[in-house]
Amino acid sequence: MTRPLTVTVTGAAGQIGYALLFRIASGQMFGHDTPVRLRLLEIPQAVRAAEGTAMELEDCAFPLLADVEVTDDVDVAFEDANVAMLVGARPRGAGMERADLLQANGGIFGPQGAAIAANAASDARVVVVGNPANTNALIAASHAEGVPAERFTALTRLDHNRAVAQLANETDATVGSVSGITIWGNHSATQYPDLSHATVGDRPARELVEESWVRDEFIPRVAKRGAEIIEVRGASSAASAANAAIDHVRDWVLGTPGDAWTSAAVVSDGSYGVPEGLISSFPVTSNGGDWKIVPDLDIDAFSRERIDASVAELVAERDAVRELGLL
Ligand code: NDP
């Protein structure tokens, strides 16, 4: 057994939180020899529901679960956190303007960034799930004085996993034979799911699918899959989002397998023309500690246009939160 890792989950009483916590506690994120301490953050009116979840966690008698604490205090929640999964966010209410949504989330993610800087472990790694995830991560990072911006990321792994599954489906292949997919840009409908470097088995994906399928079905389907799930299931995706968050943290902490890359929204170093400092999705690998943007991929004119469109949305979100004084 190794030493326990402390994982903070915000919005712990929500749908994604409920799908996430039991898997972390059972060892599916860090492996079966790493104990975990869970700290669950909720807003005061949801603390009781989170306590109910904590009772269920206790009733599972997970051998790896060292401790569970429920709180509405950000400083307590992030104490010694090695991993922070920021799931809770303010959803867009009826008639709410974008500026109101950004302002409400700034009020959540700014203080959380500051609390991470003040209380978390020196190796703390943060993944933001709550939307607008990229910009919430940017806000949190900008309030976390002394914590390298590289430690703040946003989740695009669900989009990545959806893209892998769609390509596997279309080519009658297994998901394990698909590699080289990238999600670029914002976790929103402008994201660009890119299969121009993808392979299925040992063949380039582009040889196996029609160009019209890529443009008219694959890209919009992946980008709008969340809405499709809501329409069919009658509720937002929760288990698949939780699964993707676990994939993201596991690959970040333990490393991506072989020479395969995945997708994550990480702070831009200016690669691929994405302005430095934005938190944008890229093809990434991890050596077990740090994400590294995959360098030197050829970007054709179609991809360029799609990446630029999504990045323009990120720039607009950044400028809006800057104007609101949230950065
Ligand atoms: P969910 O658990 O379903 O979703 C949580 C967040 O994840 C939302 O912002 C949601 O965005 C986002 N998300 C990102 N990707 C996906 C995806 N692919 N599919 C679905 N959601 C995605 O929300 P609930 O309302 O069930 O729970 C939220 C909880 O957070 C509540 O218990 C609330 O009390 C809590 N909360 C806690 C805070 C805190 O700890 N300080 C602050 C604010 C809220 P979208 O809305 O766009 O679907």
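Is Ala-13 buried or exposed? That was my opening note, and the answer is buried: I count 24 other C-beta atoms within 10 Å of Ala-13, and 20 or more is the mark for buried. I should write down straight away that this is a predicted model.

**Entry 1: around Ala-13**

I placed Ala-13 in the loop between strand E1 (5–10) and H1. I then looked up its contacts, leaving aside neighbours within four places in sequence, and got Glu-42, Ala-46, Ala-49, Ala-50 and Thr-53. Strand E1 itself pairs with E2 in the parallel sense, over six bridges. One of the partners I noted is Leu-41 in E2, which bridges to Thr-10. Strand E2 (residues 36–41) is mostly covered, with five of its six residues buried.

**Entry 2: the first UniProt "binding site" set**

I checked UniProt next. An unreviewed entry gives "binding site" for Gly-11, Ala-12, Ala-13, Gly-14, Gln-15, Ile-16, Gly-17, Asn-105, Gln-112, Val-129, Gly-130 and Asn-131. I picked Gln-112 from that list for a closer look. Gln-112 lies in helix H4 and is buried, as 27 other C-beta atoms sit within 10 Å. Apart from neighbours within four places in sequence, Gln-112 is in contact with Thr-10, Val-74, Leu-86 and Ala-140. I had already met Thr-10 as the bridge partner of Leu-41.

**Entry 3: the other "binding site" set**

The unreviewed UniProt entry also has "binding site" on Arg-92, Arg-98, Asn-131 and Arg-162. These residues span 71 residues in sequence, and the farthest two C-alpha atoms are 26.7 Å apart, so they do not all gather at one spot. I looked at two of them individually.

- Arg-92 is in the loop between strand E4 (83–86) and helix H4 (98–119). I have it as partly exposed, with 15 other C-beta atoms within 10 Å.
- Asn-131 sits in the loop between strand E5 (125–128) and helix H5 (133–143). Asn-131 is partly exposed too, with 19 other C-beta atoms within 10 Å.

**Entry 4: the ligand shell**

Which residues are closest to the ligand? I found 27 residues surrounding the ligand, and the closest are Gly-11, Gly-14, Ile-16, Gly-88 and Ala-89. Helix H1 (residues 15–25) gives the largest share of the shell, three residues. By class I get 14 nonpolar, 11 polar and two charged residues in the shell.

Why does the ligand lie between domain 1 and domain 2? Both domain 1 (5–154) and domain 2 (157–317) give residues to the shell, so the ligand lies between them.

**Entry 5: how the two domains meet**

The domain assignment splits the protein chain into domain 1 (5–154) and domain 2 (157–317). Their centres, taken over C-alpha atoms, are separated by 23 Å. I find 24 residues of domain 1 and 25 residues of domain 2 in the contact. On the domain 1 side, H1, E4, E5, H5 and strand E6 (152–154) each supply at least two of the touching residues. That side of domain 1 has 16 nonpolar, five polar and three charged residues.

I compared this with the UniProt record. The unreviewed entry lists residues 156–320 as "domain: Lactate/malate dehydrogenase C-terminal". For residues 156–320 I get 44% helix and 18% strand, and the end C-alpha atoms lie 22 Å apart.

**Entry 6: a small sheet**

I also traced an open sheet of three strands, in the order E7-E10-E11, with antiparallel pairing. Strand E7 (178–179) and strand E11 (203–204) are the edge strands, each pairing on one side only. E7 pairs with strand E10 (residues 199–200) in the antiparallel sense over two bridges. I followed one of the residue pairs: Ser-179 has Thr-199, in E10, as its bridge partner.

**Entry 7: Ser-122**

Last lookup: is Ser-122 buried or exposed? Ser-122 is exposed, with 8 other C-beta atoms within 10 Å; the cut-off for exposed is 12 or fewer. Ser-122 lies in the loop between H4 and E5. I also took the separation from Gly-106, which is 16 residues away along the chain: the C-alpha atoms of Ser-122 and Gly-106 are 24 Å apart.

How values were computed
Residues are numbered from 1 along each chain as its sequence is written. This is a predicted model: local features need pLDDT of at least 70, side-chain atom pairs count only at pLDDT 80 or more; totals for chains, interfaces and linings use all residues. A residue is near a molecule or strand if its C-beta atom, placed from the backbone, lies within 6 Å of it. Helices (H or I, at least four residues) and strands (E, at least two) are DSSP runs, numbered from the N terminus. Ala, Val, Leu, Ile, Met, Phe, Trp, Tyr, Cys and Pro count as nonpolar, Asp, Glu, Lys and Arg as charged, and the others, Gly among them, as polar. Domain bounds come from an automatic or database domain assignment. Two strands pair if DSSP finds at least two bridges between them. UniProt positions are given in the numbering used here, feature names are shortened, and annotations may be inferred rather than shown by experiment. Two residues are in contact if their C-beta atoms, placed from the backbone, lie within 7 Å.
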